[in-house]
Number of protein chains: 4
Amino acid sequence: MHKVAIFGASGYTGAELVRLIATHPELEIAALAADRRAGSEMAEVFPHLRHLALPRLARIEEIDLGEIDLVFCALPHATTQEVVAALPAGMRVCDLSADFRLEDPEVYAHWYGRPHQAPALQAEAVYGLPEFYRERIRTARIVASTGCNAATGIFAMRPLIEAGVVDPDEIVIDLKTGVSGAGRSAKEAMLHAEVSEGFHAYNIGRHRHLAEFDQEFAKAAGRPVSVRFTAHLLPQNRGILATCYVKGDPQAIHAALAERYAAEPFLQVLPFGQTPHTRHVRGSNFVHLGVSDERQPGRATVVAVLDNLVKGASGMGVQNANLMLGLDETAGLMLAPVFP
Amino acid sequence: MHKVAIFGASGYTGAELVRLIATHPELEIAALAADRRAGSEMAEVFPHLRHLALPRLARIEEIDLGEIDLVFCALPHATTQEVVAALPAGMRVCDLSADFRLEDPEVYAHWYGRPHQAPALQAEAVYGLPEFYRERIRTARIVASTGCNAATGIFAMRPLIEAGVVDPDEIVIDLKTGVSGAGRSAKEAMLHAEVSEGFHAYNIGRHRHLAEFDQEFAKAAGRPVSVRFTAHLLPQNRGILATCYVKGDPQAIHAALAERYAAEPFLQVLPFGQTPHTRHVRGSNFVHLGVSDERQPGRATVVAVLDNLVKGASGMGVQNANLMLGLDETAGLMLAPVFP
Amino acid sequence: MHKVAIFGASGYTGAELVRLIATHPELEIAALAADRRAGSEMAEVFPHLRHLALPRLARIEEIDLGEIDLVFCALPHATTQEVVAALPAGMRVCDLSADFRLEDPEVYAHWYGRPHQAPALQAEAVYGLPEFYRERIRTARIVASTGCNAATGIFAMRPLIEAGVVDPDEIVIDLKTGVSGAGRSAKEAMLHAEVSEGFHAYNIGRHRHLAEFDQEFAKAAGRPVSVRFTAHLLPQNRGILATCYVKGDPQAIHAALAERYAAEPFLQVLPFGQTPHTRHVRGSNFVHLGVSDERQPGRATVVAVLDNLVKGASGMGVQNANLMLGLDETAGLMLAPVFP
Amino acid sequence: MHKVAIFGASGYTGAELVRLIATHPELEIAALAADRRAGSEMAEVFPHLRHLALPRLARIEEIDLGEIDLVFCALPHATTQEVVAALPAGMRVCDLSADFRLEDPEVYAHWYGRPHQAPALQAEAVYGLPEFYRERIRTARIVASTGCNAATGIFAMRPLIEAGVVDPDEIVIDLKTGVSGAGRSAKEAMLHAEVSEGFHAYNIGRHRHLAEFDQEFAKAAGRPVSVRFTAHLLPQNRGILATCYVKGDPQAIHAALAERYAAEPFLQVLPFGQTPHTRHVRGSNFVHLGVSDERQPGRATVVAVLDNLVKGASGMGVQNANLMLGLDETAGLMLAPVFP
């Protein structure tokens, strides 16, 4: 058994790591950190985990890292760079925040409005999208596990840009995401009475995750790519769906995705013309992708779905950790989706 | 008081007509028809209306049309053409179905897969979108009240095409709609357990309401226009939102919408950069429109919302009927949205 | 037109007062107070009201009360006593908080854990349940408008205790309420991700609204009555339902309710054996009541529903204000429920 | 590996059996039957299971039972008796319907309105509640796996009746259940637009599951017991909660439950005064129980929650099958709840 610590255990992604690791055959939770709730039992913070024997929540500095093989960081954005910098040299880290996802600290500073706090560590961080960076992740010390928005769009679009089957200058990604992506902090805008039975777009043209699309799509195209991307808030807890409007041959697009993901255990390309539902991946690490043609020749619509807390956060993190620790990449992650 | 009959009173749009007319100062419900539920009290079919004194549900042929000033048809698509053809000559009809919305019977046959059953009546039908056809509606015998998908897209896009401020060949309409638009018939796909906590696209590239976009946008452009349009099902009862991706100057687009709708009582253009929410129009006849710029120069995103059962169905119908009967166009329709 | 001010306009009950008064024929909103949001337009705080011409939000002390005929107080519990005490002598107040509902200041101190701040004013306050205190409300200066939990239970049980058709010592009130009753303040427990798709009981045996049941049921019985009452949180925005388990003859119980409410415009007693739904009163001032027998002779179950923000808060307030101002009690309140 | 067949695989409980068995270490799905969908792939009927290699759906009579160790019957009520009667002698059956739960065929005929079709088989059926009938289940040929309503009430009340710490003549069980309990058949009353954002009681005093309470509580008391029980429909997919009002000493009640379930792997008794949430057991086989005192001495409220599709259906079935096949009772069932 490999011993892991979870920093940020009082948030949704922290709890989801615990849920997944609870039935993982080779990981053991040795420490849980949550500064605001230090001293509490996990069952007080997340009663759904009360059947598990778990360490008491502690402050990060109270944790004995000597026995830990890997740290999961599930802290809010903009707090992780300092925390990771303070870890013992060589401690392996799977980070679920956005803090190490942008390779260029200047780009980070532009989108996040503050200087990067650990540019030297950034240089050794690997973008944590196993389907694209599997080999580098195996040996990385710091993995910046990809988040839900970026993962959904990249799974749908990157193979198509790489294969040259779509026009990279004419991509529209219309994305819809469930509320758990906003985390557990108390905000008026996330109250049930505000969110349920309603729908809206936000941060049009200014969403920070554009930076990750820019970074990854430029690699795929070998030149800058600037997509259009709008995020919307769905009145549901889990699930993210990207509707991607592209120019390119629909059958070629379907073939490119099917071929690219044929050997991937978590990516399922539906038969041509079928559309995926977020409800069909809920609670699981699976991604469903669909391709449809349009009535206009040479245009297609690609739809991708995943569970933002699993394949878009904690499941992605466990998958990265499996690679980092030399385990079977799918260990603990083959749980079937929960429907209805 | 003008006496009206409602055909199709056991469906959601029929019930919504009753709700709106219940506090309308100049309309009175004289007859309610619902073949499958004929003989029932409305309170048995829709207990939320039990405080009202309403006529018993009857079969259409049982209704004495002699005293009726106007018939609202809220029947399923593909059943209305015959029903309207059988009405006494001169009976005024406000139809909420799609049966008379397409001016060209050939186009109807193409999209609906059956020949038009009343092409002569089609010739006298007026497309029931008051903000664009107000004067013709006033004198029309048959008004084909615009539905929710078409209305939402047309409110957002038609003024921009007319004003020449967007490229009509590069319009993407990504539309999300609540489940009440699917009506009250029992279908597995519309069960709570199927719909809630999930989201998906449907009918990509093949949605019938493309035909209405084609018809109305061609009029606006003076030439054929073929938009891209994808519909999605939202896990909420009411509300429809269209995210429209266009090429054009964002400020000019905002100005064009603001000017076009400045005198319209139900259309509200938000300050530049703000985004509308479906929850802020729920239960009302209002439309909220927002325009945002993108990071790419010369591109903008327009978002429109309305309540699919009110401004997208029964409120639109009452507004048309107000015009047809020479009443104040807003009579009975100034109810404030219900939030939360 | 009677001019009214609303204190606490940035909360849900404040917004709901505005919604109802927007189409009220004889009330006009002359001032809106909300200390935290003073200086804002109402449309910024509640975009669903943006079609209305409303005064800007102000601090209470900025409001000129000279022109005001009545103040609606929709402030949080425990802040109203001081606010009302500071009003000009004679200003009529319809208070939606719990601050003046308990006639005995000692009882208030017991349940709310703080001394009453205005016991002299308490002496002139009238319990604001029009169906039971109509005549006293007409002439009261301060009306303590009844809240959602108490109203639901009292509508179901008080006539039965008065009529002597149930055993007052064996009443169980199992109550379920929507989340809007918790208000708009940001709390982790009220986030969409916490509330939706789940259900729980809270404050068993200790809920403050027990005090109102004690007060009102003792009046009905002529002796102390101590019911059992458990509140639960429903994953829906609006609606409250009380399932009341009583000992007594089911038909006599149904007859007692039907007779007691026969002339009440907002109370609807369903045919014997039918059960009411919260969805059938949503957005309206109506109450639906049902009585069913049990398989055990001499036992019955009474179910009552209302919309917690309307008949359980702001509609109740408008109804009280109508009485206080000598208007038709139903003015502005006959809006039909919004379903679905 | 033990090979199992699932009859009724196109319903929610059938799909949930597949989900649970997918990660079960010792069960293998050898056949799936669903008459209406025979010939389809499971991925067409339940796309969330598309990652699994599963047998094609077949008609029951097409299935080769020679290799099957156990049949799960997840058929609608009133169809199972004939199906089981037609199975080869000795075939072990874990039945999720109500068809074999009532020991007395006369009682069955009374509550279900039709004669029992297989009274001889009934005599060998064992009531499938492992926490109470573990030893008999191990050797039974037919196990009538307990359903969600009965399980929730029995878990809360039976130990208290057995221990003599509550008055069995004064029990009220107020139960609230999620919509998935109604199954996947298309009914108007179960549409999203009908169910969401609303709540109601149904079948007051006449619910069929009263028969199971009568049967099991009489065994516990040694004499007839007749509880009051009302079911309500929650606007959520999964979860069932019973609020039980009893007379008895609260601490003694808590102690009796804690002692009775101390060794049970799936039953968790919360600390005194805490209340369980349905959301904290979602997707899992766990039951959470809470006991609170009331302000009246000698009265207590017991609340129990479970997931109706897992511990109230398919998880219960797998637990019974584990016992029947001599496996670890918890095999495949320790999945942590999915929250949020």
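Select chains A and B together: 49 residue pairs, both at pLDDT 80 or more, are in polar contact between them. A polar contact is a pair of N or O atoms within 3.5 Å; within protein, one must be able to donate a hydrogen and the other to accept it, and residues adjacent in sequence count only if both atoms are side-chain atoms. This is a predicted model, in which local features need pLDDT of at least 70, side-chain atom pairs count only at pLDDT 80 or more, and totals for chains, interfaces and linings use all residues. Residues are numbered from 1 along each chain as its sequence is written, chains are lettered from A in the order in which they are written, and side-chain values use heavy atoms, leaving out hydrogens and water.

Next, show B:R299 and A:E170. They form a salt bridge (a side-chain nitrogen of Lys or Arg within 4 Å of a carboxyl oxygen of Asp or Glu), with the closest N and O atoms 3.9 Å apart. The rule finds twelve salt bridges across this interface.

Now select residues 299-306 of chain B, which are strand β14 (strands are DSSP runs of E, at least two residues, numbered from the N terminus). Eight of its eight residues are buried (under 20% relative accessible area, 1.4 Å probe, protein chains only), so the strand is largely enclosed by the rest of the structure. B:R299, B:T301, B:V303 and B:V305 point one way from β14(B), and B:A300, B:V302, B:A304 and B:L306 the other way.

Add residues 240-247 of chain B. This strand, β11, pairs with β14(B) in the antiparallel sense over eight bridges (pairing needs at least two DSSP bridges). B:K247 has B:R299 as its bridge partner.

Terms used: Buried means under 20% relative accessible area, exposed over 50%, partly exposed in between (1.4 Å probe, protein chains only). Helices (H or I, at least four residues) and strands (E, at least two) are DSSP runs, numbered from the N terminus.
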